[in-house]
Amino acid sequence: YFGLDARSCTRRCTEILAIMGLMLSRLSEALEKPRLKKARNRLRKLFWSTKWLGGNIAWTAVTGAITLVAPVFIEYERECQMFEQLAQTQSMQMNANPVL
């Protein structure tokens with residue numbers, strides 16, 4: 001590819017890997033500083049407490065919806081069924097032969 005032979009490509013890959021290793025070691029050194037450790041721990045606690053709170057809010061919302069909305073929906077369906085039966089009964093009465 002691109003006019004490079006296998007040796008120059010391998011050497012270039014080795015250089016890139018060495019640079020990446022250097023960057024990772026410097027990053028790990030930086031993360032071990034006390035201030036960054038403290039900040040990382042605080043962010044971790046914030047994440048978990050936010051996750052806990054969000055889960056509890058979601059559970060409360062879903063439970064409330066089930067207990068408050070489900071009975072209304074069931075009653076609505078029952079009422080619709082009653083009106084359909086009433087309409088069917090009226091239709092049958094209208095179509096019945098009159099008694100002479």
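Accessible areas are obtained by the Shrake-Rupley method with a 1.4 Å probe. On this basis, the protein chain of the predicted model exposes about 9900 Å², of which carbon and sulfur atoms supply 68%. The chain has 100 residues, and 1% of them count as buried. Its secondary structure consists of two helices and zero strands.

Helix H2 spans residues 34-95 and thus contains 62 residues. From its first C-alpha to its last, H2 reaches 89 Å, a value close to the 92 Å expected at 1.5 Å a residue. The helix is nevertheless bent at one position: a kink of about 30° lies at Val-69, shortly before the proline Pro-71.

Helix H1 comprises residues 6-31, and Leu-31 lies in this helix. Leu-31 belongs to a nonpolar surface patch of about 350 Å², to which Leu-24, Leu-27 and Leu-36 also contribute. Helix H1 provides the largest share of the patch, namely three residues. The relative accessibility of Leu-31 is 33%, and this residue therefore counts as partly exposed, because the partly exposed class lies between the limits of 20% and 50%.

Side chains of opposite charge can pair when their charged atoms come close. Two salt bridges are found in the structure. In one of them, the side chains of Glu-32 and Lys-37 meet at 3.5 Å, N to O. Both partners retain some contact with the surroundings of the chain in terms of accessible area: Glu-32 is partly exposed at 48%, and Lys-37 is partly exposed at 35%.

The other salt bridge joins the side chains of Glu-75 and Arg-78, with an N to O distance of 3.3 Å. These two residues both lie in helix H2, where they are three residues apart, or about one turn of the helix. Glu-75 has a relative accessibility of 40% and so counts as partly exposed.

Aromatic contacts were also examined. A search of the whole structure yields one aromatic pair. The pair is formed by Phe-47 and Trp-48, whose ring centres are 5.2 Å apart. The planes of the two rings stand at 75°, so the arrangement is edge-to-face, since planes over 60 degrees apart are assigned to that class. Trp-48 is partly exposed, with a relative accessible area of 46%.

Conventions: Residues are numbered from 1 along each chain as its sequence is written. This is a predicted model: local features need pLDDT of at least 70, side-chain atom pairs count only at pLDDT 80 or more; totals for chains, interfaces and linings use all residues. Side-chain values use heavy atoms; hydrogens and water are left out. Patches are made of residues with over 30% relative accessible area and no salt bridge: like charges are joined within 9 Å, nonpolar side chains (Val, Leu, Ile, Met, Phe, Trp, Tyr) within 5 Å. A salt bridge is a side-chain nitrogen of Lys or Arg within 4 Å of a carboxyl oxygen of Asp or Glu. Helices (H or I, at least four residues) and strands (E, at least two) are DSSP runs, numbered from the N terminus. Buried means under 20% relative accessible area, exposed over 50%, partly exposed in between (1.4 Å probe, protein chains only). Rings of Phe, Tyr and Trp (its six-membered ring) pair if their centres lie within 6.5 Å; planes under 30 degrees apart count as stacked, over 60 as edge-to-face and the rest as tilted. The expected span of a helix is 1.5 Å times one less than its number of residues. The bend at a residue is the angle between axes fitted to the seven residues ending there and the seven starting there.
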